[in-house]
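Here's a quick briefing to read alongside the model. Have the structure open in your viewer, and we'll go from the overall fold down to one spot on the surface.

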Amino acid sequence: MSTEEKIEYISEILREKNISPSLQRIQIYKYLMDNQVHPNVDMIYKALVKTIPTLSKTTVYNTLKLFQSKGLVTVITIEENEARFDINTHLHGHFKCISCGKIFDFDIKEISIDSSLEKENKIIDQQLYIRGYCKECLEKMEK
């Protein structure tokens, strides 16, 4: 997909969610598509401010909150003091390496929830986080 096609594709996604496709919003969404590393606001800001000098951290934060409210991203908070953003909104788990800090997705076959919980309450989010050492860090430790 060419850059122009990707921008048009993103613009259409935003319009479908009744979001005006501004340059900043398009570029933030494009960054999330191109960098599925569960970035935080600072990571996105630092990557985009080079090409959009008028961008502010507040704009990045507000855009991500808008995307979240429209179901385009989910917020993951494996650590209490850090919100990370995930463009993959389908049910899946997250693994965070406690050595290098890398976060990656893994598939979940099924989460079994007590049926009375679902009958008596409205579940709006399900998240599974696992912390440990990633393959690369384990290999480094063995050396």
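**Fold and surface at a glance**

Read from start to end of the sequence, the protein runs α-α-α-α-β-β-β-β-α-β-α. That pattern comes from 6 helices and 5 strands. Keep in mind that this is a predicted model.

**Overall build**
- Taken along the principal axes, the box filled by the C-alpha atoms is roughly 50 × 40 × 30 Å.
- The protein has 143 residues, and 31% of them are buried.
- If you look at contacts between residues at least 6 apart in sequence, 49% of them join residues at least 24 apart.

**Surface and charge**
- About 9400 Å² of the protein is exposed, with carbon and sulfur atoms supplying 48% of that area.
- On the charge side, there are 20 positive and 21 negative side chains.
- The centres of those two sets of charges sit 5 Å apart.

**A nonpolar patch to click on**
- Leu-91, Ile-111, Leu-128 and Ile-130 together make a nonpolar surface patch of about 290 Å².
- For one of these patch members, Ile-111, the spot to look at is the loop between strand S4 (103-106) and helix H5 (115-120).
- Ile-111 counts as partly exposed because its relative accessibility is 33%, and partly exposed covers the range between the buried limit of 20% and the exposed limit of 50%.
- That 33% also puts Ile-111 over the 30% relative accessible area that patch residues need.

Terms used: Residues numbered from 1 in each chain as written. Predicted model: local features only at pLDDT ≥ 70, side-chain atom pairs only at ≥ 80, totals over all residues. Heavy atoms only, no water. Patch = residues over 30% accessible without salt bridge, like charges linked within 9 Å, V, L, I, M, F, W, Y side chains within 5 Å. Areas by Shrake-Rupley, 256 points an atom, 1.4 Å probe, with all protein chains shown as cover. Salt bridge = Lys/Arg side-chain N within 4 Å of Asp/Glu carboxyl O. Helix = DSSP H or I, 4+ residues; strand = E, 2+ residues; numbered from the N terminus. Buried < 20%, exposed > 50% of the residue type's maximum accessible area, 1.4 Å probe, protein only. Contact = heavy atoms within 4.5 Å. Lys, Arg positive; Asp, Glu negative; His and termini not counted. Charge placed at Lys NZ, Arg CZ, Asp CG, Glu CD.
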